[in-house]
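Subject: Structure for you to look at

Hi,

Here is the structure I promised to pass on. Have a look at it first, and then read my notes below.

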Amino acid sequence: MTEMVRKITLSRAVRIMQELFPEEYNFYPRSWILPEEFTSFLTEVRLMKDNNPTWKPTFIVKPDGGCQGDGIYLIKEPGEVRLMGNLQSRPAVVQEYISKPLLVDKLKFDIRLYVLLKSLEPLEVYVAKDGLSRFCTEPYQEPTLKNLHQVFMHLTNYSLNIHSGNFVHSDSSNTGSKRTFSSILCRLSSKGIDIKKVWSDIIALVIKTVIAMIPELKVYYQSDIPAGKPGPSCFQILGFDILLMKNLKPILLEVNANPSMRIEHEKELSPGVFEYVPSPVDEEVKVAVIRDTLRLVDPHKKRKEDKLSQTVELASQENKDFPEEESMDKLELEPSAAPENNLPTVCLKQVFPKYSKQFNYLRLVERIAVLFIRFLGVRGTTKLGPTGFRTFVRNCKISNSSFCMAAADILYIDISRKWNSLGVDQRESGMGLQAFVEAFFFLAQRRYKLLSLHEQVELLIDFCEYNLAALDEKRMACSRGVPERRPALVTCQQDRLHLRPVSRTPPPNHHRVAHKLVDYRSSRP
C-alpha cells in the first residue's frame with residue numbers, strides 16, 4: 001500500500017483514469033513526473049502560455065518519497081526546477097499550484113480525512129464523518145516572487161507549521177491551528193453554503209480515487225495472498241489530504257498510507273526539555289476512527305452479524321407481510337441485538353458498495369487488471385512475460401489479419417522497454433500493470449476507431465471477457481465429457497466474428513448493454 005500511494009504511482013494511476021474519464025477525474029491537479037517528463041513539462045507550459053498570455057501559473061514540486069513537507073518548494077517557471085543534486089536518485093512530481101483556495105480567518109487550510117479500505121474483494125470503503133483541518137500560520141496571499149518561499153503561508157503541513165511562532169494549540173475544536181472539519185462545515189453552513197453538496201463532492205472524490213488505486217493493489221494482493229484460501233483480513237487506514245477551492249470544489253493533494261494517529265503534541269518546558277500534552281482535537285477525531293476500524297474488522301463481530309442476518313431471513317420468511325427493511329431497522333434498534341449500543345456513535349460511514357451503482361461504470365481499469373492477473377502465470381509475480389502476453393492476445397482472439405502475433409511481440413517489446421527505462425519496479429523483468437494498460441489502450445484504439453477512449457476500452461474488455469468465458473466453458477465441457485452448448489450467434493460487423501450474447505449482467509445505471517457490439521456498428525456500411 002505504501003508503494004501504491006507514493007506521489008508518482010498515485011499520479012500515474014489517476015492519469016490513466018483522466019484519459020478515460022477526464023470530467024470525472026478533474027479533481028487532481030495537472031501533474032508531471034520528473035525527471036522523465038521534464039521536457040514535456042517545458043513544452044506544455046510554453047504552449048499554454050502562448051495560447052493564453054495572461055496565464056501566470058505557479059507550480060509546486062513534491063519529492064516522490066517525501067513526507068511531512070520535506071523537500072517541497074514552489075516555482076514560477078519550469079526552468080526553476082532544481083535539476084542538480086538528487087533529482088535523479090529522488091524523483092518528484094510537479095503540479096500546478098492551486099492559487100485560489102478557500103480561506104478561513106484569512107488563512108489557507110487543508111483537510112485530513114480518514115478512509116478505511118476494509119476489503120478489496122468485494123470492495124468496501126468507509127469514510128470518517130469528521131476530519132482535521134490543518135491551517136497555515138501566516139495570512140494567505142497569492143504566490144508572487146516575493147512570497148514564494150514563505151512556507152507558513154503556502155504549505156499546510158502540520159509538521160512545518162508547528163515550528164511557526166504563530167502556531168496555536170487549542171483545546172477547542174473550532175479555534176487554533178488545527179481544528180475539526182465539522183467546525184469548518186458549521187461555519188460554512190452559517191453563511192448559507194450547502195454543506196451536503198460539499199460532503200457529496202468529497203465522498204465522490206474519495207471513491208473515484210480508490211477506484212483508481214484498486215487495480216494495482218489487486219495485482220500486489222494476488223502476489224501475496226493465495227487464491228481460494230482463507231487469508232488474513234487485510235485492511236488499511238488511509239489519510240486523504242484535500243483542499244477546498246474558493247468555489248468549494250475539492251482538490252486531491254495526496255494520499256497517505258500511514259497517517260499519523262498521535263493524539264498528543266510536544267510542549268517545550270525549558271530548552272531541550274519537552275512534555276507530551278494531549279491534543280483534544282486529535283483525540284476527538286482519531287480515537288473514533290481507530291475504535292470503529294476495530295469494530296468493523298473484528299472477526300467475532302462478523303460472525304455475530306452473520307447470525308443476525310440469518311435471524312432476519314427467518315423472520316422475513318415467517319412474516320412475508322412485514323417488509324425486510326423494517327425488520328432490519330427493528331433489529332438494529334433492539335438493545336439485545338446490538339451489544340455495542342452503549343458505545344459512542346459510529347464515526348466511519350460506508351460509501352462503497354453503498355454508492356456502487358453511481359460509480360461502477362468507472363471500474364474499467366480494474367477489469368483490465370483481472371485480465372492481467374489471469375495471464376501472469378507464476379504466483380507471486382507482478383510482471384507479465386512475453387509468453388503470457390502472447391497467450392492473452394491468442395486466447396482473447398485479438399490477433400487477426402491486420403494484427404498478427406509478430407506485431408503483438410513487437411508491441412510487448414516496445415512498451416516493456418519504455419517502462420523499464422523509466423525505472424518502474426525493476427525488481428523483476430517483464431510488463432507491469434501500467435504498461436499492460438497502455439498496450440490495452442493501444443489495441444482498443446486500433447480496433448475500434450472513431451469512438452471515445454473509454455468506449456473503445458470497454459468494447460475491447462467486453463470482447464476479451466466474452467472470448468475467455470467461452471474458452472472456459474469449452475474447457476469445462478471437455479473435462480466433463482459434455483457436448484458444448486452453442487448459444488445463438490450474433491454477428492459483429494466490425495470484428496468479422498460471431499459473438500454469443502454475454503450472460504454477465506452489466507453494472508446498473510450504465511449505458512452498456514449485452515448487444516452493444518452489434519447494435520453500435522450495425523448501421524455502419
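A residue is called buried here when its relative accessible area is under 20%. Please keep in mind that this is a predicted model.

By that cut-off, strand 1 is covered on both faces: Ser31 and Ile33 are buried on one side, and Trp32 and Leu34 are buried on the other. Strand 1 belongs to an open sheet of 4 strands, in the order 1-4-2-3, with antiparallel pairing. Its edges are strand 1 (31–34) and strand 3 (73–75), each of which pairs on one side only. From one strand to the next, the twist averages 25°.

Two of the pairings can be followed in detail. Strand 1 and strand 4 run antiparallel and are joined by 4 bridges, with serine 31 standing opposite glutamine 95 of strand 4. Strand 2 (residues 59–63) pairs with strand 3, also in the antiparallel sense, over 3 bridges; here isoleucine 60 is opposite leucine 74.

Which helices lie on this sheet? Helix 1 (residues 7–20) lies across strand 1, strand 2 and strand 4 (92–96), and it runs at about 135° to strand 1. Helix 2 (residues 38–51) packs on the sheet too, touching strand 1, strand 2 and strand 4, and its direction makes about 150° with that of strand 1.

Further along the chain, have a look at helix 14 (residues 433–447) and helix 15 (residues 453–480). They pack at an angle of about 100°, with their axes 8 Å apart, and are therefore roughly perpendicular to each other. Among the residues making the contact are Phe440, Phe441 and Leu443 of helix 14, and Val457, Leu460 and Phe463 of helix 15. The contact residues divide into 10 nonpolar, 2 polar and 1 charged.

Helix 11 (residues 364–374) is worth a look as well. Of its 11 residues, 8 are buried, so helix 11 is largely enclosed by the rest of the structure. The buried residues are Leu364, Val365, Glu366, Arg367, Ile368, Ala369, Leu371 and Phe372. They pack against helix 1, helix 6 (195–224), helix 14 and helix 15.

Now for the charged pairs: the whole structure has 28 salt bridges. One of these involves helix 11, since lysine 218 and glutamate 366 meet through their side chains at 2.7 Å, N to O. Lysine 218 lies in helix 6 and glutamate 366 in helix 11, so this pair ties together parts that are 148 residues apart in sequence. Is the pair buried or exposed? Lysine 218 counts as buried at 12% relative accessibility, and glutamate 366 is buried with a relative accessible area of 6%.

Helix 6 takes part in another salt bridge, between glutamate 24 and lysine 208 (2.7 Å, N to O). Glutamate 24 sits in the loop between helix 1 and strand 1 and lysine 208 in helix 6, so parts 184 residues apart in sequence are tied together. Glutamate 24 is partly exposed, with a relative accessible area of 24%, whereas lysine 208 is buried at 11%.

A further salt bridge joins aspartate 105 to arginine 187, whose closest N and O atoms are 2.5 Å apart. Aspartate 105 is partly exposed at 39% relative accessible area, and arginine 187 is partly exposed at 33%. Finally, Asp110, Arg112, Arg134 and Asp241 are linked in a network of salt bridges.

Best wishes

Conventions: Residues are numbered from 1 along each chain as its sequence is written. This is a predicted model: local features need pLDDT of at least 70, side-chain atom pairs count only at pLDDT 80 or more; totals for chains, interfaces and linings use all residues. Side-chain values use heavy atoms; hydrogens and water are left out. Two strands pair if DSSP finds at least two bridges between them. Helices (H or I, at least four residues) and strands (E, at least two) are DSSP runs, numbered from the N terminus. Axes are lines fitted to C-alpha atoms, for helices over the stretch in contact, and angles run from 0 to 180 degrees between N-to-C directions. Contact means heavy atoms within 4.5 Å. Angles under 35 degrees count as roughly parallel, over 145 as roughly antiparallel, 65 to 115 as roughly perpendicular and the rest as oblique. Ala, Val, Leu, Ile, Met, Phe, Trp, Tyr, Cys and Pro count as nonpolar, Asp, Glu, Lys and Arg as charged, and the others, Gly among them, as polar. Buried means under 20% relative accessible area, exposed over 50%, partly exposed in between (1.4 Å probe, protein chains only). A salt bridge is a side-chain nitrogen of Lys or Arg within 4 Å of a carboxyl oxygen of Asp or Glu.
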